[in-house]
Amino acid sequence: EKLKLSYTGKLSIEKGFNNFISMIAGLTERFKNLKIEVKIIGWYENNEEKILFEKRIQSIKENVTFAVFNRQPFESFWKLINDTDIFLDLRERTFENHYSLPIKLYYYCALGRPVIYSDLKAIRREAEIKKFGFLVNPDNTDSVIQVISNYLLDKNLYQDHCRNARKLAEEKYNWQKIAPEFIRFIESF
C-alpha cells in the first residue's frame with residue numbers, strides 16, 4: 001500500500017530524471033490506491049530543465065508526496081536513502097553512460113534493495129544484475145512500471161533480490177575484496 005522511491009544525483013534529462021518523473025506519473029495511474037513517497041536528492045545544472053521538472057512534479061498530485069534535498073554529505077545521503085524500497089536509475093543511454101559504471105549501484109546493493117537500472121553495457125559487464133534487479137529501456141515507462149509491479153505483487157521476488165543484493169555487497173562488491181586488484185590497476189599506470 002506504500003512505496004518509497006528515491007532519485008539521487010544530477011537532475012537532468014541525460015541522467016534520467018525525466019524518465020523517473022514519467023514513471024512516477026505512470027505508477028499513480030496504474031495503482032490508484034498506492035501511496036508513493038519520493039525523495040529527490042540532487043541538483044540542477046540547467047535552469048530550463050529545472051522549470052520543466054518542477055512543473056511536472058507539481059502536476060503529480062495523486063497519492064504522491066515529494067521531499068526534495070540538495071547535495072548531501074555521504075552520511076546524510078546514506079541516511080536519507082536507507083528507507084527506499086526499490087532503487088531506480090533510468091539514465092539515458094549515451095556513450096558516457098554506457099561505459100561508466102555507476103558507483104551508486106553498489107551503495108544500493110549494500111542497503112540490500114533491488115535495483116532497476118537502464119540497460120547499460122558497463123552494468124551488464126560488471127554486475128550480476130539479474131540476481132538483484134532488472135535492466136530496462138529507460139524510455140519505456142510501461143516496462144519500468146511492469147518491473148515495479150512484479151516487485152509489488154511478488155513478495156518472494158522482492159525478498160530474494162533484497163537478500164541477493166546484500167549478499168553480493170558482502171561477498172563481492174566491497175572495498176576489502178576489490179582493493180588489492182584496484183590498487184594493482186592504479187599502480188600499473
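Asn-33 sits out in the open: its relative accessible area is 67%, which makes this residue exposed, since the cut-off for that label is over 50%. The model is a predicted one, and Asn-33 is a handy place to start walking through it. This asparagine belongs to the loop that links H1 to strand E2 (35-43). Once neighbours within four places in sequence are set aside, its contacts are Glu-1 and Asn-63. Arg-113 is another matter: 80 residues along the chain separate it from Asn-33, and the two C-alpha atoms are 23 Å apart.

One of those contacts, Asn-63, deserves a look of its own. Asn-63 is in the loop between helix H2 (47-59) and strand E3 (64-69). Its phi is near 60 degrees, a positive value in a residue that is not glycine. With a relative accessible area of 22%, Asn-63 counts as partly exposed, because buried would require a value under 20%. So the contact between Asn-33 and Asn-63 pairs an exposed residue with a partly exposed one, and each of them lies in a loop, Asn-33 in the one between H1 and E2 and Asn-63 in the one between H2 and E3.

A third loop residue is Asp-83, found between helix H3 (74-81) and E4. Its relative accessible area comes to 30%, and Asp-83 is therefore partly exposed, falling between the 20% and 50% limits. Leaving out residues up to four places away in sequence, Asp-83 touches Lys-4, Lys-39 and Arg-113. Cys-109 is 26 residues from Asp-83 along the chain, with 13 Å between their C-alpha atoms.

Gly-9 gives a view of the inside. This glycine is part of strand E1 (residues 2-10), and its relative accessible area of 15% is under 20%, so Gly-9 is buried. Beyond neighbours within four places in sequence, Gly-9 is in contact with Ile-41, Gly-42, Trp-43 and Lys-104. Leu-27 is 18 residues away from Gly-9 along the chain, and their C-alpha atoms are separated by 22 Å.

Strand E1 turns up again in the surroundings of helix H7. The 13 residues of H7 (residues 141-153) should span 18 Å at 1.5 Å a residue, and the end C-alpha atoms are indeed 18 Å apart, so expectation and model agree. Buried residues in H7 are Val-144, Ile-145, Val-147, Ile-148, Ser-149, Tyr-151 and Leu-152. What do the buried residues of H7 pack against? Their partners are the strands E1, E4 (86-89), E5 (115-118) and E6 (133-136), together with helices H1 (17-30) and H8 (155-171).

Stepping back to the whole chain, the fold has nine helices and six strands. A compact globule of 189 residues would have a radius of gyration near 16 Å, and the chain comes in at 17 Å, which agrees. Along the principal axes, the C-alpha atoms fill a box of roughly 50 × 40 × 30 Å. Buried residues make up 44% of the 189. Among contacts with a separation of 6 or more, 72% join residues 24 or more positions apart.

As for the surface, the chain exposes about 10,600 Å², with carbon and sulfur atoms supplying 51% of that area. Charges come to 30 positive and 26 negative, and the mean positions of the two sets are 2 Å apart.

Methods
Residues are numbered from 1 along each chain as its sequence is written. This is a predicted model: local features need pLDDT of at least 70, side-chain atom pairs count only at pLDDT 80 or more; totals for chains, interfaces and linings use all residues. Side-chain values use heavy atoms; hydrogens and water are left out. Helices (H or I, at least four residues) and strands (E, at least two) are DSSP runs, numbered from the N terminus. Buried means under 20% relative accessible area, exposed over 50%, partly exposed in between (1.4 Å probe, protein chains only). Contact means heavy atoms within 4.5 Å. The radius of gyration is taken over C-alpha atoms; the globule rule is 2.2 Å times the number of residues to the power 0.38. Accessible areas come from the Shrake-Rupley method with a 1.4 Å probe; for residues, only the protein chains shown count as cover. Lys and Arg count as positive and Asp and Glu as negative; His and the chain ends are not counted. The place of a charge is taken as NZ of Lys, CZ of Arg, CG of Asp or CD of Glu. The expected span of a helix is 1.5 Å times one less than its number of residues.
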